[in-house]
Amino acid sequence: MSRLSGYFIEPVIVECGHNFCRACISQCWEGSTIAVSCPQCRETVQQRNLRPNRQLANMIEIAKQLSLQAAKGSEGDRVCGKHQEALKLFCEEDQTPICVVCDRSRAHRAHTVVPIQEAAQEYKQKIQTQLKTLRAEREKLLGLKVTGEGKSQEYLKQTQTERQKIVSKFQQVQQFLKEQERLLLAQLEKLDQEIVRIQNENVSKLCEQISLLSELISELDGKCQKPASEFLQDVRSTLSRCKKRKLQQPEEISPGLDERVSGFSQKTIALLEALRKFTGT
């Protein structure tokens, strides 16, 4: 309905039964050439299915004429232009006011003719009925708009709360993982140091024994090169000294270290499995 005149201009009826000015409903197709939603009921409307509502257009024209006639105060404004008689009748078929002479003419003889005030009252009632329906539909849509906006705001608050929860939980998880990483790496570093210490001690002991054995071997090789008389001197003592010598075994890697190394391997496997499940979720 035109906001300026208060009447529908070129009224058209859409598929769902609602009426609009052609210019007003055409604005809904700006940027779309297929279909839009009816502004009143949100039903899909095809542009090609717009149909002129001639009956409503005639009713509006009558209402406009009757309003115009009522607004004009002079008697000359309410007379038939052809017969100069007062326009006291209304032709239903032609949808126009006529005078008594027009009523007796051939053009209106077979038409339904009623008093103009009676016709005006009847059509005013029809217009008022249409206005009541349109206002009710508008109120319904306004209610739906308010309800929809309220629900949207409620949902947005919920999503914001969930967003804050997610950020907080992930910060906690990140802090926990960093702390676990620090602890595990520190334990591994300590284990590395202990392994290196034991290895260095073993190497030192082995080097010492190798040096002593090398000296004894060199001594025995030299003795074997001497003449028999000289070779046999203190030979028994030399053999006894060789036999009594015991090789000191190096310290073995502690079984506890082996268990600790294996334990870290199990921790790594458990961590990877937890991360796999978390990623899958």
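Here are a few questions and answers about a predicted model. Local features need pLDDT of at least 70 and side-chain atom pairs count only at pLDDT 80 or more, while totals for chains, interfaces and linings use all residues. Residues are numbered from 1 along each chain as its sequence is written, and side-chain values use heavy atoms, with hydrogens and water left out.

Reader: Is Gln-95 buried or exposed?
Author: Let's place Gln-95 first: the loop between β6 (89-91) and β7 (96-98) holds this residue. Buried means under 20% relative accessible area, exposed over 50%, and partly exposed in between (1.4 Å probe, protein chains only). Gln-95 has a relative accessible area of 17%, so the label is buried.

Reader: Which side chain makes a polar contact with the side chain of Gln-95?
Author: A polar contact here is a pair of N or O atoms within 3.5 Å; within protein, one must be able to donate a hydrogen and the other to accept it, and residues adjacent in sequence count only if both atoms are side-chain atoms. The Gln-95 side chain reaches the backbone oxygen of Glu-92 at 2.6 Å, but that's a backbone atom. The side-chain partner, at 3.1 Å, is Tyr-123.

Reader: Which residues is Asn-53 in contact with, leaving aside its neighbours within four places in sequence?
Author: Asn-53 sits in the loop between β5 (51-52) and α2, and is buried at 15% relative accessible area. Contact means heavy atoms within 4.5 Å. With those neighbours set aside, the list is Pro-11, Val-12, Ile-13 and Asn-19.

Reader: How do the directions of α4 and α6 relate?
Author: Helix α4 (residues 116-224) and helix α6 (residues 235-244) pack with their axes 12 Å apart, at an angle of about 155°. Angles under 35 degrees count as roughly parallel, over 145 as roughly antiparallel, 65 to 115 as roughly perpendicular and the rest as oblique. That makes the α4 and α6 pair roughly antiparallel.

Reader: How many residues in the contact of α4 with α6 are charged?
Author: From α4 come Leu-216, Glu-219, Leu-220 and Lys-223, and from α6 come Val-235, Thr-238, Arg-241 and Cys-242. Ala, Val, Leu, Ile, Met, Phe, Trp, Tyr, Cys and Pro count as nonpolar, Asp, Glu, Lys and Arg as charged, and the others, Gly among them, as polar. That splits the set into four nonpolar, one polar and, for your charged count, three.

Conventions:
Axes are lines fitted to C-alpha atoms, for helices over the stretch in contact, and angles run from 0 to 180 degrees between N-to-C directions. Helices (H or I, at least four residues) and strands (E, at least two) are DSSP runs, numbered from the N terminus.
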